[in-house]
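Grab a coffee and open the model in your viewer. Here are two short exercises to work through, each with a solution.

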Amino acid sequence: MIDLDLAVIGAGPAGLAAAVRARKEGIRDIVVFDRDDRPGGILNQCIHTGFGLLRFDEDLTGPEYAYRFVTEVNRLKVPVELGTAVVELAKDRILTAVNGKKASKYRCRAIILAMGCRERTRNAVMIPGTRPAGIFTAGKAQRLMNIDGYLPGKSIVILGSGDIGMIMARRLALEGCEVKAVVEKNLYAGGLIRNKVQCLDDFSIPLLLGHTVTAIHGEYRVEKVTICTMNEGGEPDERTAKDIECDTLLLSVGLIPENELTRMAGIGMDRSTGGAFVDNILETETEGVFSCGNVLHVSDIVDYVSLEGEIAASGAAGRIRGVLSEKRYGKRFVSGRNIRQIVPQSITQERETPLFIRVQEPTGPARITAGDIARKRVPVARPSEMIELTIEKKKCQKLLRPPGEGTIEVNCREE
Amino acid sequence: MKNISEDREKSGIFPFNSACDCDKEGIRDGELSKAVFDVVVIGAGIVGSMLLRELSRFECEIAVVEQFPQPGFGVTKSSLSYIHRNHFNPPGTLAAKLCAGARKAFRKLSDELRVDYKETGEFLLALEPSHIPQMMKRKQWGEQNGETGFRIMKGSEVLRREPEVNPAVLSAVYSSGHGMIYPPEWAFALVENACSNGAHAFFGTKVIGIAGNDDGLFTIHTGNGTIRSRFIVNAAGNKAAKIASMTGDDGIELTLSRGTFAIFDKIHSSLVRNILYVGGGDPAVSQVVGPTVSGNLILGLGSFKTPDSTEDTKVTRESLDEIIAMGRDIVPDLPVTDIITFFAGIKSVNNLEEGGDFHIGYSDLSRRVIHLLIGSPGVTASPGIARHVIDLLSDGGLSLVEKKLFDSSREKKEDDWDKGQKWPCGRIVCRCENVTEATIQNAIERGARTIDGVKHLTRAGMGRCQGGFCEGRIIRYLSEALGIEPTEITKKGEGSEQIKGME
């Protein structure tokens, strides 16, 4: 058993930002664990630009963005254990990490969960049909192209207009593949508008809104897919079925926070986000265990992920130094009108707090409010775009004095 | 990384002569006509594999030919994988006779071959009064077939033992000791053990014709050349009628039916601990929720549909909706959002026997050709079938002398897993199932040639992300070990190449 001040699980954007901040706050004894052979996580395969606009006011590629943090981690001499998988997390902050050489147990004073997310598969969205080669999740295809240097196929249908799906549509078009259609069951694109414009419209790739794939054909390799329009009940209308010939189906149908370790440790989970319940220092319901980035909730901008890593690291540093009050149940956010998810789910500490909110349904101009402590006007609100609403420190102070439980309702009202 | 083709020549550990290696082994066309086997088994499903292994006890030259790249790639991989107690077969049938003693045989084989076999209990549930007669009939069949220990339980007791079961449950027949296996892993281990005892196996080798010769030998034409043999056992599963017509037995027809399965995330491994059947009276419907040997939850099979062909294992929307609805009948809070995969399997019923019983018998034209027309429960019956076929071969004139040096045990390489350790020490490639690099390379060394082949042997890619993270690395390991381009690596054999090159 090795004693450790801080373990960071995952060396993607959240974990790297957390490690850097924790070291800068004076935590000496840190180890970052990652399963992959290099740090940076999914950023390494995101060779498109659009990273760092908020944080650095620059338009960086994924690897460039990751490089800035990797450089910092190296400069600050934070050890990163690569090729090392954390396979077990016990309730008492004891983790087991394995690699090619050994399996080791660590007893940690604080742990930051930064494992990221995985993709929903063809099976998770239950597309019927055969089981041939040529079915890829978009991120898997992205890795195949941008890291390994191979193509998933030549003639492609993409289901789901999430950001990765749209970015891959452009990437495949640039490599000379024929992207026959991006099929989206909703009546609006699933990802950022800038991606719809830059990745689909600029490449004349058809976006079929209100459609879905209802069958996959081909015994050994995908030969065609059947698509249908969605009816008002949200079910595919079989009468509109038509086939599109293709050799590949890409799926961009959602991301799932990779919380198997979190569950193993018995940490409370929020069904709406798929991540842990956290307070405004991103501490989970288990004292000393923090969660940040896509493992907490799926973000659409990496800059927010890094910010969360830093918040979690400050919290962890506070726990390690023993300057934080005992874990308590503070004021909890509840979803009001047209709100799908809110992170963090509660406020327990007196500090400035960015709230990350997703709406349920798209609206035009709207007012987002958190009780009477914060409000913001937005020109549009879409489920695909996270809204940040900052609660000032003094409002948090006011809220938490006198101490005690309570709830704050968050609403999105169209104006 | 070691190069397997070199490695094999040096150490001789590689057990299979897959089709592409035929020329190296000197068994191809011209020369092949000199290679004569005593028995050739057509089909390396669980039945053919079991037979090959049992035949390898005797002093005779035996081989199996299989169209797929690996054992257990056909209907075997899509079966319910329970070793049932003998209460699904009407007394007096061949199926009932051959299923007797199955669990004992599997337990012994599990020790010898070091393949997973676990046991659990089973409830035959009556969710409504009309289910009770059928449920009681199964109990009666079981007892007439020599099984003991069936207990009738009240609904309240069922719910105490399985709290997730539909509270409307009226009663159940409970019995313990039902086996669970993963059949493709078993088929592989059986063939491996047979090969280490001198058997030959040809994969990716489809039989296209069979001819009888004046010298008393059969010539089996395959996509990779011809093989000659004194005896032929047709264990081609759903394609047995096709093989039978090649030997001149035209009167055999198989009626195919397709059932659908769904597998749930391992986080629900403790949702139910026993196999839960609904004892409905309709033989064309099967309704079951239960655990698997690897700790998932499995749901099947729905009302059986007629497929377009033996290859038609597509899953339809209707079947999926149906099995989910049937599953909710048994377990109302079925975690449908955590289904990680689904698939279909095809079983067959022959036209020669009444009531769906097995038919195992000689060709009309020769006692040196035996056709196996097996339906459900083929996995459970496989040890019994192997014994029965060996008797028929002997009666048909095959002399059976036991080998002095038969080795019943299979060396299972311990790869990275230290004995008694909960976690492996190794580089984890498949993060969902914690499969290490060494385990995967070991599987490739043992003969896995495809992405699905690696999956069936190691579970890599079988977890919740379905290969999202590990498939690229598995393609690379296969490519390096086999000395071929990544673009040539297939999912499940020729025509299923998974990735393409950039130009």
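**Exercise 1: two helices in chain B**

This is a predicted model. In it, the axes of helix α4 (residues 46-55) of chain B and helix α6 (residues 102-113) of chain B come within 14 Å, with a crossing angle of roughly 70°. Work out how α4(B) and α6(B) are oriented to each other, and which residues meet where they touch.

*Solution*

Step 1. Take the angle of roughly 70°. Anything from 65 to 115 degrees counts as roughly perpendicular, so that is the label for α4(B) and α6(B).

Step 2. Now look at the hand: α4(B) and α6(B) make a left-handed crossing.

Step 3. Pick out the side of α4(B): B:Met50, B:Arg53 and B:Glu54. They meet B:Phe106, B:Leu109, B:Glu112 and B:Leu113 of α6(B).

Step 4. Sort the residues of this contact by type: you get 4 nonpolar, 3 charged and no polar.

**Exercise 2: two domains in chain A**

Chain A splits into domain 1 (1-118 + 254-327), domain 2 (121-251) and domain 3 (329-415). Describe how domain 2 of chain A and domain 3 of chain A are in contact.

*Solution*

Step 1. Start with the C-alpha centres of domain 2 and domain 3 of chain A, which lie 34 Å apart.

Step 2. Count the contacts: 6 residues of domain 2 of chain A touch 5 residues of domain 3 of chain A.

Step 3. Check the area. These two domains of chain A bury about 450 Å² between them, and 61% of it is on carbon and sulfur atoms.

Step 4. Find the main contributors in domain 2 of chain A: A:Tyr188, A:Leu192 and A:Ile193 lose the most area to domain 3 of chain A, together 78% of what that side buries.

Key. Residues numbered from 1 in each chain as written. Chains lettered and ligands numbered in written order. Predicted model: local features only at pLDDT ≥ 70, side-chain atom pairs only at ≥ 80, totals over all residues. Heavy atoms only, no water. Axes fitted to C-alpha atoms, helices over the stretch in contact; angles between N-to-C directions. Helix = DSSP H or I, 4+ residues; strand = E, 2+ residues; numbered from the N terminus. Parallel < 35°, antiparallel > 145°, perpendicular 65-115°, else oblique. Left-handed = near helix turned anticlockwise from the far one by under 90°. Contact = heavy atoms within 4.5 Å. Nonpolar A, V, L, I, M, F, W, Y, C, P; charged D, E, K, R; others polar. Domains from an automatic or database assignment. Buried area = accessible area lost by both parts, 1.4 Å probe.
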